[in-house]
Amino acid sequence: MKLKNKVALITGSGRGLGRAYALHLAGLGADVVVNDISLDAAREFDEVLSAATVMDEIESLGCRSIGVEADVTEKSQVD
């Protein structure tokens, strides 16, 4: 696997394109930090997940994942 033993941090990966990038990188073997303002964003927009959360989808691909709910435009939340 091309990205085995690497970690990817994807902002906005709770849904949409960010989620797609996160799943793609996990498919290449990367462990993924899922970051979004809301980790329930996919459900809020009626997007269908193949698992309970994006993190679960990534883990089903054999990679590790953690979710971090934070707005990266807010310095205090990044600190």
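In this predicted model, a convenient point of entry is L9, whose bridge partner in β2 is V33. A second such pairing involves T11, which has N35 of β2 as its bridge partner. These contacts belong to the pairing of β1 with β2, two strands that run parallel and are joined by 5 bridges.

On its way from one strand to the next, the reader may turn to the other pairing of β2. Strand β2, comprising residues 31-36, pairs with β3 in the parallel sense, over 5 bridges. Here V32 stands opposite S65 in β3, and D36 has E69 of β3 as its bridge partner.

Taken together, these pairings give an open sheet of 3 strands in the order β1-β2-β3, with parallel pairing. The edges of the sheet are formed by β1 (7-11) and β3 (65-69); each has a single partner strand, so one side of each is left without a neighbour in the sheet. From one strand to the next, the twist averages 15 degrees.

The surroundings of the strands can now be considered. In β2, 6 of the 6 residues are buried, so this strand is largely enclosed by the rest of the structure. Both of its faces are covered: D31, V33 and N35 are buried on one side, and V32, V34 and D36 are buried on the other.

For β1, a general principle is helpful. In a regular strand, side chains alternate between the two faces of the sheet. Along β1 the side chains do alternate, with A8 and I10 pointing to one face, where they are buried. V7, L9 and T11 point to the other face and are not buried. Thus L9 and T11, which are not buried, have as their respective bridge partners V33 and N35, both of which are buried.

A helix accompanies these two strands. Helix α1, residues 16-27, lies across β1 and β2 and runs at about 170 degrees to β1. Together, β1, α1 and β2 make a right-handed β-α-β unit.

Finally, the aromatic rings deserve attention. A pair of aromatic rings is described by the distance of the centres and the angle of the planes. With a cut-off of 6.5 Å between ring centres, the count in this model comes to 0 aromatic pairs. A ring does, however, have a charged residue over its face: R15 lies over the face of F45, at 3.9 Å from the ring centre.

Notes. Residues are numbered from 1 along each chain as its sequence is written. This is a predicted model: local features need pLDDT of at least 70, side-chain atom pairs count only at pLDDT 80 or more; totals for chains, interfaces and linings use all residues. Side-chain values use heavy atoms; hydrogens and water are left out. Two strands pair if DSSP finds at least two bridges between them. Helices (H or I, at least four residues) and strands (E, at least two) are DSSP runs, numbered from the N terminus. Axes are lines fitted to C-alpha atoms, for helices over the stretch in contact, and angles run from 0 to 180 degrees between N-to-C directions. Contact means heavy atoms within 4.5 Å. Rings of Phe, Tyr and Trp (its six-membered ring) pair if their centres lie within 6.5 Å; planes under 30 degrees apart count as stacked, over 60 as edge-to-face and the rest as tilted. A charge sits over a ring if NZ of Lys or CZ of Arg is within 6 Å of the ring centre and within 35 degrees of the ring normal. Buried means under 20% relative accessible area, exposed over 50%, partly exposed in between (1.4 Å probe, protein chains only). A crossover is right-handed if, with the strands pointing away from the viewer, the path from the first strand over the helix to the second runs clockwise.
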